[in-house]
Amino acid sequence: MISITQTIPLLSVLPHDVIQRQIDDGQLYIINYYKSATLNNQKETCETLDIVLSGAFVTYSLAENGSTMQIFEFKNGQMLGANLLFGGNSIYPLSVYCANDGEILHITKSAIAKFLHHYDFAMIFIAMLSQNSQRLNKKMRMRLHKTLRENLLEYFDNQSRLQQTNAIILPISKKQLADTLGVQRPSLFRELKKMKDSGIISVEGRFIKLNYRTKQ
């Protein structure tokens with residue numbers, strides 16, 4: 001396992017013997033998760049820092065009416081639980097499930113507390129906390145201050161720049177797009193239809209032609 005920890009920037013700055021002692025004490029361990037498996041349930045207590053080694057893990061909110069809304073997706077190298085581990089309230093506000101087969105490196109609170117005595121580890125840990133916070137802030141701004149159409153146009157524009165074309169292919173499914181924008185699928189489909197009927201875009205499956213950019 002020590003060789004795996006050296007591929008993770010957060011842990012690679014620590015002396016090998018410091019990590020090995022925690023591995024020997026069972027404070028670092030790897031668990032394989034199969035698709036659709038639950039990593040953590042909403043309202044459970046956070047007891048470990050979790051680092052994604054492979055696969056994809058999704059956080060989602062479960063409403064009282066049974067509907068769900070995807071909030072974030074975590075992939076290789078990203079961490080979960082860091083903002084909860086040492087907080088006054090260590091309860092998961094969201095559920096986490098495995099979107100496709102993957103592995104998680106679990107690190108206990110006790111081990112993290114020891115690792116934080118090392119300056120380089122502490123600085124990377126703080127930076128990763130900041131990145132997660134920025135992602136959350138971006139998500140909140142997207143949902144609170146813009147209409148669904150504005151968010152869609154911003155997303156399409158970003159994809160147009162990345163793909164260097166005004167005829168883009170969605171890199172994710174429409175369900176995932178709805179989750180990313182924090183809306184229900186029917187709302188997304190209605191808005192896409194309105195944009196199509198207005199001639200703003202052309203839609204066929206994942207293929208979307210940005211007519212409004214063509215006319216600029």
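Gln164 is exposed, with a relative accessible area of 72%. In this predicted model, Gln164 lies in the loop that runs between helix H7 and strand S7 (167–169). Although Gln164 is not a glycine, its phi is positive, at about 55 degrees, and its position is just after H7. A second non-glycine residue with a positive phi is Ser36, for which the angle is near 80 degrees. Ser36 belongs to the loop between S1 and strand S2 (38–40). With a relative accessible area of 54%, Ser36 is classed as exposed because the threshold for that class is over 50%.

Helix H7 itself covers residues 148–163, a total of 16 residues. The distance from its first C-alpha to its last is 22 Å, close to the 22 Å expected at 1.5 Å a residue. The buried residues of H7 are Leu148, Asn151, Leu152, Tyr155, Phe156, Asp157, Gln159 and Ser160. An α-helix has 3.6 residues a turn, so residues three or four places apart point the same way. Polar residues appear in the buried set of H7 as well, including Asn151, Asp157 and Gln159.

At the level of the whole chain, the secondary structure consists of ten helices and nine strands. The chain has 216 residues, of which 39% are buried. Its exposed area is about 12,100 Å², and 52% of this area comes from carbon and sulfur atoms. For contacts between residues at least 6 apart in sequence, 70% are made by residues at least 24 apart.

The largest nonpolar core contains 25 residues. Those that touch the most other members are Leu10, Leu11, Leu28, Leu49, Ile107 and Phe115. Two or more residues of this core are given by each of helix H2 (9–12), helix H3 (16–24), strand S3 (48–62), helix H4 (82–85), S6, helix H5 (109–115) and helix H6 (119–145). Another core, of 19 residues, lies apart from the largest one, and its members include Leu148, Leu177, Leu192 and Ile201. Leu148 is also among the buried residues of H7. For Leu11, once neighbours within four places in sequence are set aside, the contacts are Thr5, Gln6, Ile19, Leu28, Leu105, Ile107, Phe115 and Phe121.

Asn132 is found in helix H6. Its relative accessibility is 24%, and Asn132 therefore counts as partly exposed, since this value falls between the limits of 20% and 50%. Asn132 and Leu80 are 52 residues apart along the chain, and their C-alpha atoms are separated by 8.9 Å.

Strand S6 spans residues 95–108 and includes Thr108. Thr108 counts as buried because its relative accessibility is 14%, where the limit is under 20%. Excluding neighbours within four places in sequence, the contacts of Thr108 are Gln27, Tyr29, Glu47 and Thr48. Of these partners, Tyr29 is located in strand S1 (residues 28–33). Tyr29 is partly exposed, at a relative accessible area of 31%. Together with Met1, Ile4 and Ile31, Tyr29 makes a nonpolar surface patch of about 280 Å². Tyr29 qualifies for the patch because the requirement is over 30% relative accessible area, and its own value is 31%.

Key: Residues numbered from 1 in each chain as written. Predicted model: local features only at pLDDT ≥ 70, side-chain atom pairs only at ≥ 80, totals over all residues. Heavy atoms only, no water. Patch = residues over 30% accessible without salt bridge, like charges linked within 9 Å, V, L, I, M, F, W, Y side chains within 5 Å. Areas by Shrake-Rupley, 256 points an atom, 1.4 Å probe, with all protein chains shown as cover. Salt bridge = Lys/Arg side-chain N within 4 Å of Asp/Glu carboxyl O. Helix = DSSP H or I, 4+ residues; strand = E, 2+ residues; numbered from the N terminus. Buried < 20%, exposed > 50% of the residue type's maximum accessible area, 1.4 Å probe, protein only. Contact = heavy atoms within 4.5 Å. Expected span 1.5 Å × (residues − 1). Core = buried A, V, L, I, M, F, W, Y, C linked by side-chain atoms within 4.5 Å.
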